[in-house]
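Me: I am new to this structure and would like a close look at a single part of it. Please start from one helix and follow the parts of the chain that it leads to, and explain each term along the way.

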Amino acid sequence: MTGEPRTASVRFEDGRLVLERHRDESGIYYAFPGCGRTAAGPSVALSLTEALHARIRPVGTAEQVLRGWSQGALPQEAAALDDPTAAAPSRVRGGAIVIRDRRILLIGFDEDGQRHFEIPGGGVETGETPEAAAVRELREETALRGTVVREVARIWRGSTRGHYFTMETEGEVGAPETLDNYGGAPVWVPVTELPSTPVWPRRLSWRIAHWHDSGWPVPPAELADSVGDLDAACAW
């Protein structure tokens, strides 16, 4: 946007990331200095653990900084300004997080000898809300009848914005040949295995394992996801 800086200031003090604290209608969020859409807020310093579970804006810049930090390469002084929320998304998705008996329902795919998984979901159709899309896609992809409990994450990937909801479900998973999964098949995976399982969205998958034990985020987490290699370790 015209007038916005092309880089975001990145500052660390005593191994902690210095950000501005702000508040919107959903609660507290943090911004890189000078990147808030309101007047500058008070400075706070977050540890890596705190930053990984905070709402930090711009979300694309946060992804860059947290990636480098978690891999031991602290960004120096500035990072590219990357704010996918600044423009209306070209596509909106709804995703369904279904957990039973400490196992999460995923859609598994085998492509070129590689196995990977996705959280059930798909594009919002005309006149739909993301919640309704998540319920419909879950039914089409698994045959389960879902009821939304809460939204736990919003994830931007380029110009696509995804909304992810935990759900209560009824019924049993249908036979793969009766479902609409583009060659994939539903599979139950232990929640504890999510951090080491090639799941997209990658930055969401390991957090689900954490949230399942520690409590779901309120307000929803805000993340950008640029991970291309689903087999690579992701700790940011």
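Reply: Helices (H or I, at least four residues) and strands (E, at least two) are DSSP runs, numbered from the N terminus. Residues are numbered from 1 along each chain as its sequence is written, and side-chain values use heavy atoms, with hydrogens and water left out. The model is predicted, so local features need pLDDT of at least 70 and side-chain atom pairs count only at pLDDT 80 or more, while totals for chains, interfaces and linings use all residues.

The helix to start from is H2, residues 59-70. Pro58 is in the loop between strand E5 (56-57) and H2. The peptide bond that leads from Arg57 to Pro58 is cis, and its omega is near -5 degrees.

Glu63 is one of the residues of H2. Buried means under 20% relative accessible area, exposed over 50%, and partly exposed in between (1.4 Å probe, protein chains only). Glu63 is buried because its relative accessible area is 5%. A polar contact is a pair of N or O atoms within 3.5 Å; within protein, one must be able to donate a hydrogen and the other to accept it, and residues adjacent in sequence count only if both atoms are side-chain atoms. Such a contact, at 3.0 Å, joins the side chains of Glu63 and Arg67. An α-helix has 3.6 residues a turn, so residues three or four places apart point the same way. Contact in general means heavy atoms within 4.5 Å. Leaving out residues up to four places away in sequence, Glu63 touches Arg203, Ala224, Ser226 and Trp236.

After H2 comes a loop that runs to strand E6 (77-80), and Pro75 lies in it. Pro75 counts as buried because its relative accessibility is 17%. Apart from neighbours within four places in sequence, the contacts of Pro75 are Val10, Phe12, Val65 and Trp69. Between the C-alpha atoms of Pro75 and Pro217 there are 27 Å in space, and the two are 142 residues apart in sequence.

Next is the sheet beside the helix. Two strands pair if DSSP finds at least two bridges between them. Five strands make up an open sheet in the order E11-E7-E13-E12-E16, with mixed pairing. Strand E11 (121-123) and strand E16 (221-224) are the edge strands, as each pairs on one side only. From one strand to the next, the twist averages 30 degrees. H2 packs on this sheet and touches strand E12 (145-157) and E16; the directions of H2 and E16 make about 75 degrees with each other. For such angles, axes are lines fitted to C-alpha atoms, for helices over the stretch in contact, and the angles run from 0 to 180 degrees between N-to-C directions. Within the sheet, strand E7 (residues 91-97) and strand E13 (residues 160-170) are parallel and share seven bridges. Ala96 has Phe165 of E13 opposite.

Arg203, touched by Glu63, belongs to the buried residues of H4, which also include Arg202, Leu204 and Trp211. Helix H4 (residues 202-214) has 13 residues and spans 19 Å from first to last C-alpha, close to the 18 Å expected at 1.5 Å a residue. The expected span is 1.5 Å times one less than the number of residues. H4 has a kink of about 25 degrees centred on Ile208; the bend at a residue is the angle between axes fitted to the seven residues ending there and the seven starting there. Gly215, just after H4, has a positive phi of about 115 degrees. Further on, Pro219 is in the loop between H4 and E16. The Val218 to Pro219 peptide bond is cis, with omega near 0 degrees.

Just ahead of H4 in the numbering is strand E15 (residues 199-200), joined to E10 by two bridges and parallel to it. Phe117 has Val199 as its bridge partner in E15. E10 (residues 114-118) also pairs with strand E9 (residues 103-111), antiparallel and over five bridges. E9 and E10 form a hairpin with two residues between them. Asp112, in the loop between E9 and E10, has a positive phi near 55 degrees although it is not a glycine. Asp112 is exposed, given its relative accessible area of 80%. Asp110, in strand E9, is exposed too, at 59% relative accessibility. The side chain of Asp110 makes a polar contact of 3.1 Å with that of Arg115.
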